[in-house]
Amino acid sequence: MNGAGKDSRTVVKERDLRHAPEKVWRALTQKHLIEEWLMESDFKAEVGHRFELDAEWGTIACKVLAVEPQKSLSYSWQAHGLESVVTWTLTETDTGTHLRMEQTGFTADQEQAYRGAISGWTRFLDKLEQVTAGLD
């Protein structure tokens, strides 16, 4: 993949959620829940599954790269010349789950996409937290 060289940048967002990893995993992997906090999609938690996320500004082409239920999820994220990888890592804690989101592959000339991801993921994680809180 181009952009994964020494000049690429990464966005990392971390949250401590007061919910069990099972609940957080559901919000990350169930299509109807993903649509509540991220975007419309045809996601399936199956390695090799290709899916799209539909944003107001266009479509993001994705492919599931790795699935370790209730522990980690990784998929490619390609849009407008950006070839990146999003990885979610769930770590059980005494109070719930530590959630880490990492998006790698921003090149030096993709400043707008990089800054957009920083603010976008903050909003998405706020919504993810609300969606997870609403699950029984």
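How many bridges pair β5 with strand β6 (residues 82–92), and in which sense, parallel or antiparallel? Select residues 82–92 together with β5, and you will find that the two strands pair over eight bridges in the antiparallel sense. Please keep in mind throughout the tour that this is a predicted model.

While these two strands are highlighted, look for Ser-76, which stands opposite Val-85 in β6. Then move to the turn between the strands, where two residues complete the hairpin of β5 and β6, and where His-80 has a positive phi of about 50°.

Now widen the view to the sheet as a whole. Seven strands form an open sheet, and if you colour them one by one you can follow the order β1-β7-β6-β5-β4-β3-β2, with antiparallel pairing. The edge strands are β1 (9–17) and β2 (40–41), each of which pairs on one side only. In general, the strands of a sheet pair through backbone hydrogen bonds, either parallel or antiparallel.

Begin at the β1 edge. Nine bridges join β1 to β7, and the two strands run antiparallel; to see one of the pairs, select Arg-15, whose bridge partner in β7 is Leu-99. Next, select β7 itself, residues 97–106, which pairs with β6 in the antiparallel sense over eight bridges. Within this pairing Thr-87 stands opposite Glu-102 in β7, and the hairpin that the two strands form has four residues between them, with Gly-96 in the turn showing a positive phi of about 155°.

Continue on the other side of β5. Select residues 72–79, which are strand β5, together with β4, and you will see antiparallel pairing over seven bridges. Ala-66 is a good residue to centre on here, standing opposite Ser-74 in β5. Three residues lie between β4 and β5 in their hairpin, and Gln-70 in that turn has a positive phi of about 65°.

One further step brings you to strand β3 (residues 50–55), which pairs with strand β4 (residues 58–68) in the antiparallel sense over six bridges. Here Leu-53 stands opposite Ile-60 in β4, and a hairpin of two residues joins β3 to β4.

Turn next to the helices. Select helix α1, residues 21–29, and helix α3, residues 111–133, whose axes come within 9 Å and cross at roughly 120°; the two are therefore oblique to each other, and their crossing is right-handed. To display the contact, show the side chains of Lys-23, Val-24, Ala-27 and Leu-28 in α1, which meet Leu-128, Val-131 and Thr-132 in α3. Sorted by class, this contact has five nonpolar residues, one polar and one charged.

With α3 still selected, rotate the view until the sheet lies behind the helix. α3 lies across β1, β5, β6 and β7, and runs at about 15° to β1.

For a last stop, return to strand β6 and select Glu-83, which lies in that strand. Is Glu-83 buried, partly exposed or exposed? Its relative accessible area is 27%, so Glu-83 is partly exposed, since the partly exposed class falls between 20% and 50%. If you then draw a distance from the C-alpha atom of Glu-83 to that of Thr-132, 49 residues apart along the chain, the separation is 28 Å.

Definitions and conventions
Residues numbered from 1 in each chain as written. Predicted model: local features only at pLDDT ≥ 70, side-chain atom pairs only at ≥ 80, totals over all residues. Heavy atoms only, no water. Pairing = 2+ DSSP bridges. Buried < 20%, exposed > 50% of the residue type's maximum accessible area, 1.4 Å probe, protein only. Axes fitted to C-alpha atoms, helices over the stretch in contact; angles between N-to-C directions. Parallel < 35°, antiparallel > 145°, perpendicular 65-115°, else oblique. Left-handed = near helix turned anticlockwise from the far one by under 90°. Contact = heavy atoms within 4.5 Å. Nonpolar A, V, L, I, M, F, W, Y, C, P; charged D, E, K, R; others polar.
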